[in-house]
Amino acid sequence: MVRSSRGAANPGMWRREKGTEVRTAAALPARAEAAHVITAGLHVPAVPTEWAPHAHLLHELVWVRGGTLTSRVADHVFTVCEGHGLWLPAGVVHAGRATAGARFHDAFFDPARTPFACERPQAIAMTPLLESLLTHLSRTDLDAAARARAEAVVFDVLSPSHRQFALPLPGDARIDVIAETLLDDPADGRSLEDWAGCLGISERTVTRAFRQTTGLSFAQWRQLLRVHRALTLLSEGCDVLTVSETLGYAQPSTFIAAFRRVMGTTPGAFFDATDRTPATDPVGPDDPAVPNDARNDAA
């Protein structure tokens, strides 16, 4: 039996991969060190890693290289892929999952000394300058003056991304089972009529519930969910044919068209644009975000 997205132990996330390590978040100080407005770090999980729901007393900015991060915040699932980060305000409860081998960066901001006005989770544009500054601030040998100068520039360049990568979840007991089932298996191809019959309610009720809770039709919501999942699969190195089959598309061209409708570009063009953004940590020739055959298939 599929659980409702409200009240589940770890709701609104993709099916847990075999070998996933589940962690609780490490305790953080209420404030950064006296001289630090921003404290940055880097982690590289060797296996798929999941963080149980938690909150921090500091603002947090997370971003990844060589993989993706999925974060559940209230009734939204955010997919964080290369070139973008996720801002999590202090006190906001969130859960997360990073793909194996992803270079997982985080930066914590002292709320009392952070002028960036962002009161809800938002995708952040991780420009090369912003990444370089935060990497610079992860050093432990900076003097107070150098750190203050770098922190000031961070706030000058920190800005929301024009793409928010947020998948709204219904939070409606009448249709939560649909959301949970599709999160577990995005390839489930049951139609609106099939779901209405399965749940013993009318198609109109299902349609109205999706519109009221997510702002999308059932078909639009499922398409958005599949694109979110595609971002993770492509980042892990799956080619377009494999992704299209995994997500239940009859052929790659159908998947590419759906991806273009949501993202405004093909998978290949999207990841090529990401690749043109320089990484702030070394990336070897055998460590691309997406293999060449995926880009060629999607062109």
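The following questions and answers introduce a predicted model of one chain.

Reader: What is the average pLDDT of the chain?

Author: The model is predicted, and its confidence is given residue by residue. Of the residues, 83% score at least 70. Averaged over the chain, the pLDDT is 83.

Reader: Which element of the chain has the highest mean pLDDT?

Author: The mean pLDDT of the elements has its lowest value, 32, in helix 10 (residues 292-298). At the other end, with a mean of 97, stands helix 5 (residues 203-214).

Reader: Over which residues does pLDDT stay under 50?

Author: One such stretch has 13 contacts beyond four places in sequence, and another has 44. Where pLDDT is low, the predicted coordinates should not be read in detail. The stretch with 13 contacts is residues 29-34, and the stretch with 44 is residues 277-299.

Reader: In what order do the 6 strands of the open sheet with mixed pairing stand?

Author: Strands of a sheet pair through backbone hydrogen bonds, either parallel or antiparallel. At the edges of this sheet are strand 1 (21-23) and strand 11 (166-168), each of which pairs on one side only. From one strand to the next, the twist averages 15 degrees. The order of the strands is 1-3-8-5-6-11.

Reader: Do strand 1 and strand 3 pair in the parallel or the antiparallel sense?

Author: Strand 3 covers residues 49-54, and 3 bridges connect it with strand 1. Within this pairing, Val22 has Glu50 of strand 3 as its bridge partner. The sense of the pairing is parallel.

Reader: Which residue in strand 8 stands opposite Glu50?

Author: Strand 3 is also joined to strand 8 (residues 94-98), by 4 bridges, and these two strands run antiparallel. The residue of strand 8 that stands opposite Glu50 is Arg97.

Reader: Is Gly96 buried or exposed?

Author: Gly96 belongs to strand 8. Its C-alpha atom is separated by 5.5 Å from that of Thr70, although the two residues are 26 apart along the chain. Residues count as buried under 20% relative accessible area. Because the value for Gly96 is 7%, this residue is buried.

Reader: How many bridges join strand 5 to strand 6?

Author: Strand 5 (residues 69-73) and strand 6 (residues 76-80) run antiparallel. In strand 6, Val80 is the bridge partner of Leu69. The number of bridges joining the two strands is 5.

Reader: Which helix lies across strand 5, strand 6 and strand 11?

Author: The helix in question runs at about 140 degrees to strand 11. It spans residues 218-235 and is helix 6.

Reader: Which strands stand at the edges of the open sheet of 5 strands?

Author: This sheet has the order 2-9-4-7-10, with antiparallel pairing. Each edge strand has a single partner strand, so one side of each is left without a neighbour in the sheet. The twist from one strand to the next averages 25 degrees. The edge strands are strand 2 (38-43) and strand 10 (122-125).

Reader: Which residue in strand 9 stands opposite Val62?

Author: Strand 4 (residues 59-65) pairs with strand 9 (residues 103-109) in the antiparallel sense, over 7 bridges. Opposite Val62, in strand 9, is Asp106.

Reader: At about what angle to strand 2 does helix 2 run?

Author: Helix 2 comprises residues 144-157 and lies across strand 2 and strand 9. Its angle to strand 2 is about 80 degrees.

Reader: Why does the pair of Glu131 and Arg65 tie together parts that are apart in sequence?

Author: The two side chains meet in a salt bridge, at 2.9 Å from N to O. Glu131 lies in helix 1 (residues 128-137) and Arg65 in strand 4, so the pair ties together parts whose separation in sequence is 66 residues.

Reader: Which residues are linked with Glu131 in a network of salt bridges?

Author: Glu131 counts as buried, at 1% relative accessibility, and Arg65 counts as buried, at 3%. The residues linked with Glu131 in the network are Arg65 and Glu82.

Reader: How many salt bridges does a search of the whole structure find?

Author: Among them is the pair of Arg23 and Glu21, whose closest N and O atoms are 2.9 Å apart. Another is formed by the side chains of Arg190 and Asp188, at 2.7 Å. In this second pair, Arg190 is partly exposed at 30% relative accessibility, whereas Asp188 is buried at 11%. The number of salt bridges found in the whole structure is 10.

Key. Residues numbered from 1 in each chain as written. Heavy atoms only, no water. Pairing = 2+ DSSP bridges. Axes fitted to C-alpha atoms, helices over the stretch in contact; angles between N-to-C directions. Contact = heavy atoms within 4.5 Å. pLDDT = per-residue confidence, 0-100. Buried < 20%, exposed > 50% of the residue type's maximum accessible area, 1.4 Å probe, protein only. Salt bridge = Lys/Arg side-chain N within 4 Å of Asp/Glu carboxyl O.
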